[in-house]
Amino acid sequence: MRILIVEDDAELGTRLQRRLHGEGLAVDLALNGVDGRHLGETEPYDLIVLDLGLPDLPGLEVLAAWRDRGITIPVLILTARNSWRERVEGLQQGADDYLGKPFHVEELLARILALLRRSAPVRDTTLRVGPWHLDEQRQMLVDGPTELSLTATEFKLLRYFLRHPGQVLSKTRLAEHLYEYESERDSNVLEVYVSRLRDKLGADVIQTRRGQGYLLALEPARQPSPQRVRNDM
């Protein structure tokens, strides 16, 4: 899943970006309102963290512009702790949550993950595939005492599949939600990671839809039962 942080404090923004990377999220950072507005309008983010006290273009104007264009991406706003009026205005403009500054990064992370769950087709706190459940904190698959490690990209890819089961996901959509703005997006590399997940989960779990993309099937395809042969006496 992919997040945009719009924050003019470069040190804070970089620190948050690094922390969220560790949680298996792709994160872009904009340091002013103009760049933030442009990225929010042109890139398919799963969530945006928006500071209201931005240079060039205030955060409330950025948020209003997104909503006026019909952009419904969940937005978590950051405000000065004593600025209750800004919080109210932000919620009225269409923000989904807010957090006052200064804040604990762990609280921000918890709010981000909660918003991502609520905005995804599958909102369960525990994601499962076959006998496995995905341990998001340790980024591995677990089945009782058995644990199966995942690379960072395998984890991000599998989590996105599990939040969107039964949907045909194109390579373009997967790449857009797994990689940052300036990352090189090679569809052949994506195929390699899909193949690795199949090796771990079973060949039928991630199905290829030719010319369309991939589909995560939580229930294996049923084979048609053989017809009974009648013996006429």
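**Strands, helices and confidence**

Q: How many bridges join strand 1 (residues 2-6) to strand 2?
A: Strands and helices are DSSP runs numbered from the N terminus (E, at least two residues, for strands; H or I, at least four, for helices). Two strands pair if DSSP finds at least two bridges between them. Strand 1 and strand 2 run parallel, and the number of bridges joining them is five.

Q: Which residue in strand 2 is the bridge partner of V6?
A: Before we look, this is a predicted model: local features need pLDDT (the predictor's confidence in each residue, from 0 to 100) of at least 70, side-chain atom pairs count only at pLDDT 80 or more, and totals for chains, interfaces and linings use all residues. Residues are numbered from 1 along each chain as its sequence is written, and side-chain values use heavy atoms, with hydrogens and water left out. With that numbering in hand, the partner of V6 in strand 2 is A30.

Q: Which are the edge strands of the open sheet with the order 2-1-3-4-5?
A: This sheet has five strands with parallel pairing. An edge strand pairs on one side only. That description fits strand 2 (26-30) and strand 5 (97-101).

Q: What is the average twist from one strand to the next?
A: Axes are lines fitted to C-alpha atoms (for helices, over the stretch in contact), and angles run from 0 to 180 degrees between N-to-C directions. From one strand of this five-stranded sheet to the next, the twist averages 20 degrees.

Q: Which strands does helix 1 (residues 10-21) touch as it packs on the sheet?
A: Contact means heavy atoms within 4.5 Å. The direction of helix 1 makes about 170 degrees with that of strand 2. Helix 1 touches strand 1, strand 2 and strand 5.

Q: What angle does the direction of helix 4 (residues 84-92) make with that of strand 4?
A: Helix 4 packs on the sheet too, touching strand 4 (75-80) and strand 5. Its direction makes an angle with that of strand 4 of about 165 degrees.

Q: Why does the span of helix 5 (residues 105-119) agree with what it should be?
A: The expected span is 1.5 Å times one less than the number of residues. Helix 5 has 15 residues, so it should span 21 Å. Its end C-alpha atoms are indeed apart by 21 Å.

Q: Which residues of helix 5 are buried?
A: Buried means under 20% relative accessible area, exposed over 50%, partly exposed in between (1.4 Å probe, protein chains only). The buried residues of helix 5 pack against strand 1, helix 1, strand 3 (47-51), strand 4 and strand 5. They are L108, L109, I112, A114, L115 and L116.

Q: Which strands stand at the edges of the open sheet with the order 6-7-8-9?
A: This sheet has four strands with antiparallel pairing. Each edge strand has a single partner strand, so one side of each is left without a neighbour in the sheet. The two are strand 6 (127-129) and strand 9 (146-149).

Q: Which residue in the turn between strand 11 and strand 12 has a positive phi?
A: Four bridges join strand 11 (residues 206-209) to strand 12 (residues 213-216), which run antiparallel. The two strands form a hairpin with three residues between them. The residue whose phi is about 80 degrees is G211.

Q: Over which residues does pLDDT stay under 50?
A: The protein chain averages a pLDDT of 87, and 91% of the residues score at least 70. Where pLDDT is low, the predicted coordinates should not be read in detail. The stretch under 50, for which the model has one contact beyond four places in sequence, is residues 220-233.
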